[in-house]
Amino acid sequence: MSTTTSRHDERRISPVFLAILAVMAVTGWAVWTDFAASPGLAVFLFVTSAWIVSLCLHEYAHARTALHGGDITVGARGYLTLNPLAYTHAVLSIILPVLFVIMGGIGLPGGAVFIDHGRIRGRWKHSLISAAGPLTNVLFAVVCTAPFWLGALDGVPVVFRYALAFLAFLQVTAALLNFLPVPGLDGYGVIEPWLSYRIKRQIEPYAPYGFFVVIALLFVPAVNGAFFDAIDALMRALGVPELSRYCGSNLYRFWQDQPEICEI
């Protein structure tokens, strides 16, 4: 009985996550109904809370896939509760990505849950565990952009439309960055099981710095331009007008003057 209760506790959704989910729901309602006195502030709270929810689901996907792959320790570490405070690197997983959204407006890949890879057998399982996180961002982006590519925008308030477009943009950038085959990112985790032992040993010393190298490269104009050209192409493929994403980004920064083109 105690073992069953313990396992149930390990998988019980955290009150912290439920509180964040409640903020997302309430502020999303405020954006939809134009109830808030400051639409920009409502968009900021809605997008930020939804972004944190997606980060929690990203890490949960890693942990849940690892559990089915054979790592039964993820439950004891609290990874199945969706509690962002349980992550190995809460600063990298939650705080830094949120700060980057506020300052730079891109979906930064977060830190990680600790997976005991020694308990997992099979290269495909290792690859799937790494892919599960960014695939969650892909799914989130598809849901956010559904009204656009389905042509179902009738009745969707313009401010809510802008907020969804910006939130989708964050998910697309996070997915693309995470899938880069760079040590320290999920994309490298997907291909690592298929590399030779010699290559993995050569790359291993540089793995802790891969994340920061990617961030630094985004400040290089040529790299930055190519990256955002790819993002713009993906957003167009999903049916999201550039204006909607632009206005969503500006509304999110409610403390700045809003351009006339985005007046509501």
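Contact here means heavy atoms within 4.5 Å. The model examined is a predicted one. By that criterion, Thr 73 touches Asp 116 and Arg 119, with residues up to four places away in sequence not counted. Thr 73 is found in the loop between α3 (39–69) and α4. Its relative accessible area is 16%. Buried means under 20%, so Thr 73 is buried. The side chain of Thr 73 also makes a polar contact with the side chain of Arg 77, at 2.5 Å.

The loop between α3 and α4 also holds Leu 82. The backbone of Leu 82 has a phi near 65 degrees. This is a positive value in a residue other than glycine. Leu 82 has a relative accessible area of 8% and is therefore buried.

A second threonine, Thr 173, lies in helix α6, which spans residues 158–178. Thr 173 has a relative accessible area of 0% and is buried. The side chain of Thr 173 reaches the backbone oxygen of Leu 170 at 2.8 Å. Neighbours within four places in sequence are left aside in the contact list of Thr 173. That list consists of Ile 106, Gly 107, Phe 227 and Ile 231.

Ile 106 is placed in the loop between α4 (90–103) and α5 (123–149). With a relative accessibility of 6%, Ile 106 counts as buried. Residues up to four places away in sequence are again not counted in what follows. Ile 106 touches Phe 100 and Val 101. Its contacts also include Phe 169, Leu 170, Thr 173 and Leu 177. Leu 218 and Phe 228 complete the set. Leu 170 thus appears twice in this region: its backbone oxygen is reached by the side chain of Thr 173, and Leu 170 is touched by Ile 106. By comparison of sequence and space, Ile 106 and Thr 145 are 39 residues apart along the chain. Their C-alpha atoms are separated by 17 Å.

The cavity search gave one cavity of 30 Å³ or more. The volume of the largest cavity is about 60 Å³. Its lining consists of Asp 232, Met 235, Arg 236, Val 240, Pro 241, Glu 242 and Arg 245. By residue class, three of these are nonpolar, none is polar and four are charged. Two helices, α10 (221–237) and α11 (242–252), each supply at least two residues of the lining. Helix α10 gives the most, with three residues.

Helix α11 is mostly covered. Eight of its eleven residues are buried. Among them are Ser 244, Arg 245, Cys 247 and Gly 248. Ser 249, Asn 250, Leu 251 and Tyr 252 are buried as well. Arg 245 therefore has two roles in this description: Arg 245 is one of the buried residues of α11, and Arg 245 lines the largest cavity.The structure holds one disulfide. Cys 247 and Cys 262 form this link, with their sulfur atoms 2.0 Å apart. The torsion about the S-S bond is -80 degrees, and the link is left-handed. Cys 247 lies in helix α11 and Cys 262 in the segment after α11, so the pair ties together parts that are 15 residues apart in sequence. Cys 247 counts as buried, at 0% relative accessibility. Cys 262 counts as buried at 2%.

Cys 56 is in no disulfide. The nearest cysteine sulfur to that of Cys 56 belongs to Cys 144 and is 15 Å away. For Cys 144, the closest cysteine sulfur is in turn that of Cys 56, and 15 Å is too far for a bond. Cys 56 counts as buried, with a relative accessibility of 0%. Cys 144 counts as buried too, with a relative accessibility of 5%.

Notes: Residues numbered from 1 in each chain as written. Predicted model: local features only at pLDDT ≥ 70, side-chain atom pairs only at ≥ 80, totals over all residues. Heavy atoms only, no water. Helix = DSSP H or I, 4+ residues; strand = E, 2+ residues; numbered from the N terminus. Buried < 20%, exposed > 50% of the residue type's maximum accessible area, 1.4 Å probe, protein only. Polar contact = N/O pair within 3.5 Å; in protein donor to acceptor, adjacent residues only side chain to side chain. 1 Å grid on protein atoms, 1.4 Å probe; cavity = no way out; pocket = protein on both sides within 12 Å on 5 of 7 lines; lining within 4 Å. Points joined across faces, edges and corners; volume = space filled by probe spheres on them. Nonpolar A, V, L, I, M, F, W, Y, C, P; charged D, E, K, R; others polar. Disulfide = S-S within 2.5 Å.
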